[in-house]
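Here's a quick briefing to read with the model open beside you. Take a look at the structure first, then come back for the notes.

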Amino acid sequence: MNNIVDGSPQDNLQGGLNPQQGSIADQIAMQQYQQALVSMQVVPEFNQRHIRLAGFVVPVEFDDDQQIFSFFLVPYFGACLHMPPPPPNQIIYGRFPEGFTIESLYQPYWVEGQIKTEIVENDTATSAYVMDIATVGIYQD
């Protein structure tokens with residue numbers, strides 16, 4: 001078990017490492033880590049494929065009745081709601097013109113549709129993928 005004290009220099013994403021200090025290996029590792037946080041690197045083979053995957057919904061466009069028309073699908077609860085968001089290549093911008101409602105932000109969902117390698121940016125996050133959603137359903141094993 002790792003005994004890191006809350007609020008200590010080790011209790012942050014950089015582990016207290018100053019990128020200008022430490023060994024060259026530490027500096028390279030920090031650069032790679034920083035690059036991964038903003039990676040737009042996509043899997044080209046995913047472009048134009050019909051897929052199904054699970055994730056958490058972060059509403060982007062919705063109406064007064066809480067019908068969601070576009071959203072970010074993220075890999076873990078709270079992503080995009082708490083900064084920083086996941087890297088763009090781990091976020092999918094979903095478009096579902098007919099709209100749907102969700103029971104809870106804590107609930108994961110299955111989405112199915114055609115995915116594209118396309119960048120979408122807004123105040124909440126940036127995604128490197130877009131999906132035209134065909135179906136949305138509550139996640140079940």
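**Briefing: the pocket, the fold and two residues**

Leu53, Asn89, Gln90, Ile92 and Ile115 sit nearest the centre of the largest pocket, and they belong to a lining of 14 residues. Bear in mind that this is a predicted model. Below you'll find more on that pocket, then the chain as a whole, then serine 70 and proline 108.

**The largest pocket**

- Its volume comes out at about 180 Å³.
- Sorted by class, the lining has 11 nonpolar residues and three polar ones, with no charged residues at all.
- Strand 1 (49-62) and strand 2 (68-74) each put at least two residues into the lining of this pocket.
- Strand 1 gives the largest share of that lining, with four residues.

**The chain overall**

- You've got one helix and five strands here, and they run α-β-β-β-β-β along the sequence.
- The chain has 141 residues, and 29% of them count as buried.
- About 9100 Å² of the chain is exposed, with carbon and sulfur atoms supplying 51% of that area.
- Look at contacts with a separation of 6 or more, and 58% of them join residues 24 or more positions apart.

**Serine 70**

- Which strand holds serine 70? That would be strand 2, one of the two strands named above as each giving at least two residues to the pocket lining.
- Is serine 70 buried or exposed? Serine 70 counts as buried because its relative accessibility is 2%, and the cut-off for buried is under 20%.
- The serine 70 side chain makes a polar contact with the side chain of glutamate 61 at 3.0 Å.
- Another polar contact, at 3.1 Å, links the side chain of serine 70 to the side chain of tyrosine 93.
- Setting aside neighbours within four places in sequence, serine 70 is in contact with Pro59, Val60, Glu61, Tyr93 and Gly94. So both of those polar partners, glutamate 61 and tyrosine 93, turn up in that list too.

**Proline 108**

- Proline 108 belongs to strand 4, which covers residues 108-121.
- Along the chain, proline 108 and phenylalanine 56 are 52 residues apart, yet 4.7 Å is what separates their C-alpha atoms.
- Beyond neighbours within four places in sequence, proline 108 is in contact with Gly55, Phe56, Ile138 and Tyr139.

Notes: Residues are numbered from 1 along each chain as its sequence is written. This is a predicted model: local features need pLDDT of at least 70, side-chain atom pairs count only at pLDDT 80 or more; totals for chains, interfaces and linings use all residues. Side-chain values use heavy atoms; hydrogens and water are left out. Buried means under 20% relative accessible area, exposed over 50%, partly exposed in between (1.4 Å probe, protein chains only). Contact means heavy atoms within 4.5 Å. Accessible areas come from the Shrake-Rupley method with a 1.4 Å probe; for residues, only the protein chains shown count as cover. On a 1 Å grid over the protein atoms alone, a cavity is a set of points where a 1.4 Å probe fits but cannot get out, and a pocket is an open set with protein on both sides within 12 Å along at least five of seven lines; lining residues have an atom within 4 Å of a point. Grid points are joined across faces, edges and corners, and a volume is the space filled by probe spheres set on the points. Ala, Val, Leu, Ile, Met, Phe, Trp, Tyr, Cys and Pro count as nonpolar, Asp, Glu, Lys and Arg as charged, and the others, Gly among them, as polar. A polar contact is a pair of N or O atoms within 3.5 Å; within protein, one must be able to donate a hydrogen and the other to accept it, and residues adjacent in sequence count only if both atoms are side-chain atoms.
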